[in-house]
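Student: Please take one part of this model and go through it closely. Then set that part against the chains as a whole.

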Amino acid sequence: MLPFIKKLGPISPHVHWVQVNFFDSAWSSFLTILVLYLLYLIVPASIEWGVLNATWLADSGEACRDIAGACWAVIPAKYRVMFFGIYPYEEHWRPTLAMGITGLAWVMTCTRTFWKPKLLAVVWIVAIPSSLLLMWGGVFGLTFVQTSKWGGLPLTFFVFTSLMFLGMPLAVLFALGRQSKMPVIKSVCVFIIEVVRTIPIPMILFFAAVVLPLFLAPGVDVDQLFRVTFGLVLFFACFQAEVLRGGLQAIPRGQYEAADSLGLSYRSKMFKIILPQVFRTTIPSMMNGVIGGFKDTTIVIVVGLFDLFTATQAALADPEWRRYFTEGFIFVALIYFLFTYAMSKYSQLLEKRFSFGKRD
Amino acid sequence: MSNQGPDVTADPIIILEKVNKWYEDFQALKDVSLSVKAGERVVVCGPSGSGKSTMIRCINRLEDYQEGKIIVDGIVLDDSLKNIATVRSEVGMVFQQFNLFPHLRVIDNLTIGPIDVRKMPRKEAEEIAMHYLTRVKIPEQALKYPSQLSGGQQQRVAIARSLCMSPKIMLFDEPTSALDPEMIKEVLDVMVQLAEDGMTMVVVTHEMAFARQVADKVVYMEDGMVIEEAPPVEFFTNPKSESTKRFLNQILTH
């Protein structure tokens, strides 16, 4: 504590708290003052621009012209293009419903009350086909919408859900395969992981979109969106596999030996003893990958698909509103923040839930 | 208590015949031969690095070996995965570091073997688990996680976990070496009780009082070889080899 503060004599607990936390040393006093100064620079100006001088509603971009503050009117004017990209305007209820179904399935999956494997299996077996059906159409009087027109948030949802459902199991297989005592399985897994990890994502997507069809049998035509999603899944799986491998190496040998000495099969040993512990210790780094995966969906632009971010970019290209792209991007950033913050909070919850009596 | 087992039959249930094992260049076991009869209690001792743990871990094939033969309950332990699985389900093992599954509650640690390997219904497995938890005197800990238990309690859970598989043989690999002194007795008490019930036991330990009280046979190992094998009275009062004498001097005088 600074000497001159000590000389002031007895102080109230509140002042003491401030001293200890903000002015404990010359360095911390300096940082506190610096941060206060930065806040002084940023906060009043932001409030002035974003709230006090802002326009909330306007019929056109013209109406915002003479205003010093933010023009939030861009959001009500453009949000549907941001959210749904070039999906046919009058059919927007379909992706909305599809996202509702998938979102509900995710909420159930993340809620402990519903952690019953059979129940969740049913939930997803209903959720995935019905969402895809809604998006696609072509039956039940729904007009057909090709996947190249899917875009915005539903596309982000689609890619993200695929990453979780295909990428995670694949990651587990790769990680276990890499540890395998069978040389062929081991080298195949090492090869895939090392190759995929060293290639930039755009190039993988390019391969998936352009090169992969050359290898498919003639007449077999896999949809562009699915090929690209597969590329992302592979990329995601290889990175998560390496995270899992780190976790696997941290499990003491005694755990394997105890499982062996009970006579457990390889499958029981891995899925009931080893992997649950691996998941527990790798939650933070796995969640890193998951959040990254959510944001990486943007990369599908390389094959001309518009996820939430690129759909927003496209929406703000409209000459009438293009001056207000800042407001649009702040809005989208907020949406990304909501999703990823929820994920990171959820991962903390999981860590606590799986602390197994340990205090940490 | 008498050192003679109550129902020692003539047929050996564990046979090691001239077992040799190498870790790359280092020979861990040299022509190790041992036979254990059903109901017999064998204590294995020796300085660290003598191969005693390696030997006992060969009996349920946690370690493989390059030469010789091991037969457990009539089953030859070779590379056959089926034989290994059968032997493992009949042989229980208790480790120095307990090796409980930290993500499972005590009761689930106990039931996973019977449910998964023996295909036992959960309810029945839980009844058996509670029976053995009562026998090791900690039924009230059933719903806790291992990390919430003391070392001694964890080791007793580990013993109960093995017993739930109704093994014919129990192996103990230095079961008290990782325990605080005040907890050693509670674990040894459980082991003595188990011996009195007629379990076939092979115990690697430095607890010589336990060996005196319980063992039918004490085996002394050094440098990967079995140096001496004798009933406890003879072993402690009249050891034959110089190295056994030296070892007993060191371990009994400190």
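What follows is a close look at one helix, then at both chains and two residues.

Tutor: This is a predicted model. Start with helix 11 of chain A, residues 253-261. Is that helix mostly covered or mostly open? It is mostly covered, with eight of its nine residues buried. The buried set opens with A:Gly254, A:Gln255, A:Tyr256 and A:Glu257. It goes on through A:Ala258, A:Ala259, A:Asp260 and A:Ser261. Charged side chains are part of that list: A:Glu257 and A:Asp260 are both buried. General helix geometry is useful here. An α-helix has 3.6 residues a turn, so residues three or four places apart point the same way. Now look just past the helix. A:Gly263 follows helix 11 of chain A, and its phi is positive, near 85 degrees.

Next, the chain around this helix. Chain A holds 14 helices and one strand. Its radius of gyration is 26 Å, well over the 21 Å that the globule rule gives for 360 residues, so chain A is more spread out than a compact globule. Along the principal axes, its C-alpha atoms fill a box of roughly 70 × 60 × 40 Å. Of the 360 residues in chain A, 43% are buried. Set helix 11 against that figure: eight of its nine residues are buried. Contacts reach far along the sequence. Among those in chain A with a separation of 6 or more, 67% are between residues 24 or more positions apart.

The surface and charge of chain A come next. Its accessible surface is about 20000 Å², and 71% of that belongs to carbon and sulfur atoms. Chain A carries 29 positive and 20 negative side chains. The centres of those two sets lie 15 Å apart.

Now turn to chain B. It has nine helices and 10 strands. Its radius of gyration is 18 Å, close to the 18 Å from the globule rule for 254 residues, so chain B is as compact as a globular protein of that length. Its C-alpha atoms fill a box of roughly 55 × 45 × 35 Å along the principal axes. Buried residues make up 57% of its 254 residues. For contacts in chain B between residues at least 6 apart in sequence, 67% join residues at least 24 apart. Chain B exposes about 11000 Å², with carbon and sulfur atoms supplying 50%. It has 28 positive and 36 negative side chains, and the centres of these sets lie 3 Å apart.

Two residues of chain B deserve a closer look. B:Thr244 is in helix 9, residues 242-253. Its relative accessible area is 0%, so B:Thr244 is buried. Its side chain makes a polar contact with the side chain of B:Ser241, at 2.6 Å. Beyond its neighbours within four places in sequence, B:Thr244 touches B:Tyr220, B:Ile227, B:Glu228, B:Phe235 and B:Pro239.

The second residue is B:Arg41, in strand 3 of chain B, residues 41-45. Is B:Arg41 buried or exposed? Its relative accessibility is 2%, so B:Arg41 counts as buried. The side chain of B:Arg41 reaches the backbone oxygen of B:Gly39 at 3.4 Å. In sequence, B:Arg41 and B:Gly198 are 157 residues apart. In space, they are 8.7 Å apart, C-alpha to C-alpha.

Methods: Residues numbered from 1 in each chain as written. Chains lettered and ligands numbered in written order. Predicted model: local features only at pLDDT ≥ 70, side-chain atom pairs only at ≥ 80, totals over all residues. Heavy atoms only, no water. Helix = DSSP H or I, 4+ residues; strand = E, 2+ residues; numbered from the N terminus. Rg over C-alpha atoms; globule rule 2.2 N^0.38 Å. Buried < 20%, exposed > 50% of the residue type's maximum accessible area, 1.4 Å probe, protein only. Contact = heavy atoms within 4.5 Å. Areas by Shrake-Rupley, 256 points an atom, 1.4 Å probe, with all protein chains shown as cover. Lys, Arg positive; Asp, Glu negative; His and termini not counted. Charge placed at Lys NZ, Arg CZ, Asp CG, Glu CD. Polar contact = N/O pair within 3.5 Å; in protein donor to acceptor, adjacent residues only side chain to side chain.
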